[in-house]
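Here is a short briefing to read alongside the structure. Have the viewer open and follow the topics in turn.

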Amino acid sequence: MTTMYTLEHEWINIEDHEAATVGITHHAQDALGDVVFVDLPAVGSTFKKGDVAGVVESVKAAADLYMPVSGEVVEVNEALRGDPSLANSDPLGHGWFFKVHVSNMAEFEQLMDGPEYDKLVKNS
Amino acid sequence: MSTPELSKTPLHALHLELGAKMVAFAGYEMPVSYPSGVLAEHRHCRASAALFDVSHMGQIRLAGTDAAAALETLLPVDVVDLGMSRQRYGLFTNSSGGILDDLMVTRREDDLLLVVNASNKDADLKHLVTHIGHRCRVVAMPEQALLALQGPKAVGVLSRLDPELADLTFLTGRRSTLNGAECYVTRSGYTGEDGFEISVPAEQAESLARALLARPEVRPAGLGARDTLRLEAGMCLHGHDIDANTTPIEAGLGWAIQKVRRDGGARHGGYPGAEAIDGQLARGVSSKRVGLVGLERAPVRAGAIIKDGRGHKLGHVTSGTLSPTVDQPIAMAYLATNHTQAGTEVLAEVRGKLLPMRVSAMPFTPHRYFRG
């Protein structure tokens, strides 16, 4: 598995562990509604797993963006900053939020895999 | 998910059929949005026509020859001189001049029709029965649903069902037979657009809603769009922008108090909090409600603290969103009166950052009412 999921309905793809991509799930964007603003972390900042790294806001509400694993932010999605609706239209692709240099692979392996996450969504 | 203790409107099954996202609101399970989403619903209302189910709101009849004079003992509004078929905005006040609820009142041939907020309707009914129940008949109307058809194409849609409705002007009402249902229709709404509110017997509401939705101009809209539309229109939401601790003067709703009810007027005072409100009219207020437009992208929401450039607190935000029409953050806030001049720059504290905003006249988007 290269993509894992969190209880906060984020995904992280670790094809490149020095620049693992983080975004929100289809379920998360659907629950939020039309995304109109994202506050992305600064490149170079480091966070622990579970820290609030940013904010995603719809017309209705604001939701925190959590770090799925500890690490340093190495890139943010400038296209998403300019067009936050990408988080709705392509949450698993062009609507990614930031990339992180994972400092502890064990944290990644503790996250949910696809089938586990699907079960969580189905039961929510 | 449905919670058993929540009430349902007569359109509940239709909302589910249309794929609405349902939420608990004021004790009802209500559609917050449909699959097209809040933004599309908002824009459709500004461009065409949107149908809202507002059956959760309270409809109350006051009947009897003394009803208007009796009602004037509870609000600072001219009801006695309200012409036949005319509608007016009103506010129930408490003894300190705070706003218990806001409402619309329409003089019909046999009664006054009040429409009050869903979250306050039980309290309003009790308030009316307690204070004026001995002077007029106070009758709740749970047998009536309420639909709002709003937007520039609403008149075209509704006048196909009853051509005479095209002649109604803003804030007037009339009886109308729509799709076989005996309705009472007012040209009014909560969006800033031209539009209608339709009081329809509950058992005929779904059929009427389906007939309206069958028109290509009409799409359903939920509470999410209703909130962003009213905010752009500069209209208050009770419980957020006005409440028992804010007076009509602080709220910038002095226009709702006609001359005849003010100091020197023929029926001056005589409602709860008159002394406090007259005092504020004469001497001014220390804080008032203003509009704010954000100069950056981040929405500024209810609860955000507003500061001046030196970090002194000036007030707080009571409603805010990113305006779909002007594509900037908009908000309502109460600010110290000496910072309420249009154009004044202030700072909103959001997640530890200070975001620049500018005091702005309201509405944020122009009203487009039909005044004849």
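Which residue in β8(A) does Phe47(A) stand opposite? The partner of Phe47(A) is Gly71(A). Please keep in mind that this is a predicted model. The points below start with the strands of chain A, then move to the contact with chain B and the domains of chain B.

**Strand pairing in chain A**
- Strand β5 (residues 46-47) and strand β8 (residues 71-76) of chain A run antiparallel and are joined by two bridges.
- β8(A) also pairs with strand β9 (residues 98-102) of chain A, in the antiparallel sense and over five bridges.
- Within that second pairing, Val76(A) has Phe98(A) of β9(A) opposite it.

**Where the chains meet**
- Chain A puts 10 residues into the contact, and chain B puts in 14 residues.
- On the chain B side, α2 (38-47), α7 (223-232) and β16 (313-322) are the elements that give two or more residues.
- That side of chain B comprises six nonpolar, five polar and three charged residues.

**Domains of chain B**
- The domain assignment splits chain B into domain 1 (12-48 + 146-232) and domain 2 (286-363).
- Their C-alpha centres are 31 Å apart.
- Where these two domains touch, domain 1 of chain B supplies eight residues and domain 2 of chain B supplies seven residues.
- On the domain 1 side, α2 and α7 of chain B each give two or more residues, and α2(B) gives the most, with four residues.
- By class, that domain 1 side holds two nonpolar, three polar and three charged residues.

Notes
Residues numbered from 1 in each chain as written. Chains lettered and ligands numbered in written order. Predicted model: local features only at pLDDT ≥ 70, side-chain atom pairs only at ≥ 80, totals over all residues. Nonpolar A, V, L, I, M, F, W, Y, C, P; charged D, E, K, R; others polar. Domains from an automatic or database assignment. Pairing = 2+ DSSP bridges.
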